[in-house]
Amino acid sequence: MTTLSMTPEDLDDLRYAKSLLENPGLAARITNVVGTPIEKGLAMLPESAHAMIGKATQKALETALDMAVSTLEEQPQLASNWLHKTFVGISGAAGGAFGLPALAFELPVSTTIILRSIADIARSEGEAIKSPEARLACLEVFALGGPTTLDDASESGYFAVRAALAKSLSDALEYLAQQGITQKASPPLVRFVAQIAARFGIPVTEKVAAQALPVVGAAGGALINTLFIDHFQNMSRGHFIVRRLERGYGAVAVKAAYLALP
């Protein structure tokens, strides 16, 4: 099936999704707003920072998933993006005021809010948000935050990430089909979350580096966290538009149409 098989509306949606998913990442957006390259903030981070960020990222993803979707109903409706941005901005103010020591407390809070926003967007695109597949697809959005050396250069950035996660995602879904979503300590789920965390750690590090800049402070921390959630809301919207179209046209056809778009 080619792009001609899609309705003009669906093709416009796919074009919009690609514009979100393939645009410059979080670091570029923060640099544009703050006016200082992220590299300066990275140079200011202590050697222990990366280990702390890794642990905080893993823990945040492990604890956020069930909490994020537990208050959502199944019926599709418009996503409440600004409400979630407000809450994340408040938590970011604490990160900006207290710096790296606040990360262990601030990141799980902001990650839970962001994941709930992702689930809200998923629901608005027709996902059955209580299903294991939809829940893991929400978590998958956090892997879209930055490229890694594992990505396939022959793929688009978006489909490279999905390809890299495909095996662990399949294993996690197979386990959940047998055991249920509550078995969070299972090896397949642990591997999947660890793979997500490795990628999520890239934009988290960029966020922390920006908040470490002397010019940022509490107000800047709130702004950076707003950019942080806005980035993942954009990734989420693009991801779930693609998944909605895949349900109608098939994954192979949608990928071919996506890659054919300029």
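# A guided tour, starting from a salt bridge

Begin by selecting D230 and R29, which form a salt bridge whose closest N and O atoms are 2.5 Å apart; a salt bridge here is a side-chain nitrogen of Lys or Arg within 4 Å of a carboxyl oxygen of Asp or Glu. This pair links distant parts of the chain, with D230 in helix α10 and R29 in helix α2 (residues 26–34), 201 residues apart. D230 is buried, with a relative accessible area of 16%, whereas R29 is partly exposed at 25%; buried means under 20% relative accessible area, exposed over 50%, and partly exposed in between, with a 1.4 Å probe and protein chains only.

Before going further, note that this is a predicted model, in which local features need pLDDT of at least 70 and side-chain atom pairs count only at pLDDT 80 or more, while totals for chains, interfaces and linings use all residues. Residues are numbered from 1 along each chain as its sequence is written, and side-chain values use heavy atoms, with hydrogens and water left out.

## The whole chain

Now show the whole protein as a cartoon, where there are 11 helices and 0 strands; helices (H or I, at least four residues) and strands (E, at least two) are DSSP runs, numbered from the N terminus. Of the 262 residues of the protein, 50% count as buried. Among the contacts with a separation of 6 or more, 84% are between residues 24 or more positions apart, a contact being heavy atoms within 4.5 Å.

## More salt bridges

The structure has 11 salt bridges by the rule given above, and a second one to select is D120 with R123, where the closest N and O atoms are 2.6 Å apart. D120 and R123 are 3 residues apart in helix α6 (residues 103–124) and are therefore separated by about one helical turn. Both ends of this bridge are buried, D120 at 1% relative accessibility and R123 at 5%.

Next, select E133 and R243, a salt bridge with its closest N and O atoms 3.5 Å apart. Because E133 lies in helix α7 and R243 in helix α10, the pair ties together parts that are 110 residues apart in sequence. E133 is partly exposed at 45% relative accessibility, whereas R243 is buried at 11%. To close this stop, select D13, E125, R237 and R244, which are linked in a network of salt bridges.

## Helix α7 and the core

Stay with α7 and colour its buried residues, which are A134, R135, L136, A137, C138, L139 and E140. As 7 of the 9 residues of α7 are buried, the helix is largely enclosed by the rest of the structure.

From C138, extend the selection to L14, L61, I118, F142, F232 and V242; together with C138, these touch the most other members of the largest nonpolar core, which has 64 residues. Such a core is a set of buried Ala, Val, Leu, Ile, Met, Phe, Trp, Tyr and Cys residues joined through side-chain atoms within 4.5 Å. Helix α10 gives the most to this core, with 11 residues. Centre the view on L61, which, leaving aside its neighbours within four places in sequence, is in contact with T111, L139, F142, V193, I196, A197 and F200.

## The aromatic rings

The structure holds 8 aromatic pairs, and one of them joins F142 and F232 in a tilted arrangement, 5.3 Å centre to centre with 50° between the planes. F142 lies in the loop between α7 (132–140) and α8 (157–179), and F232 in helix α10 (residues 217–249), so the pair ties together parts that are 90 residues apart in sequence. For this count, rings of Phe, Tyr and Trp (its six-membered ring) pair if their centres lie within 6.5 Å, and planes under 30 degrees apart count as stacked, over 60 as edge-to-face and the rest as tilted.

F142 and F232 are both buried, and adding F200 and F228 to the selection shows a cluster of these four residues linked by ring pairs. Then add K207, whose charged end sits over the ring of F228, 5.5 Å from its centre; this requires NZ of Lys or CZ of Arg within 6 Å of the ring centre and within 35 degrees of the ring normal.

## Last stop: helix α11

Finally, select helix α11 (residues 251–260), whose buried residues are A253, V254, A257 and Y258. These four cover an arc of only 130° around the axis, which puts them on the same side of α11; the arc is that of the directions from the helix axis to the C-beta atoms. Turn to the other side of α11, where V252 and A260 are exposed.
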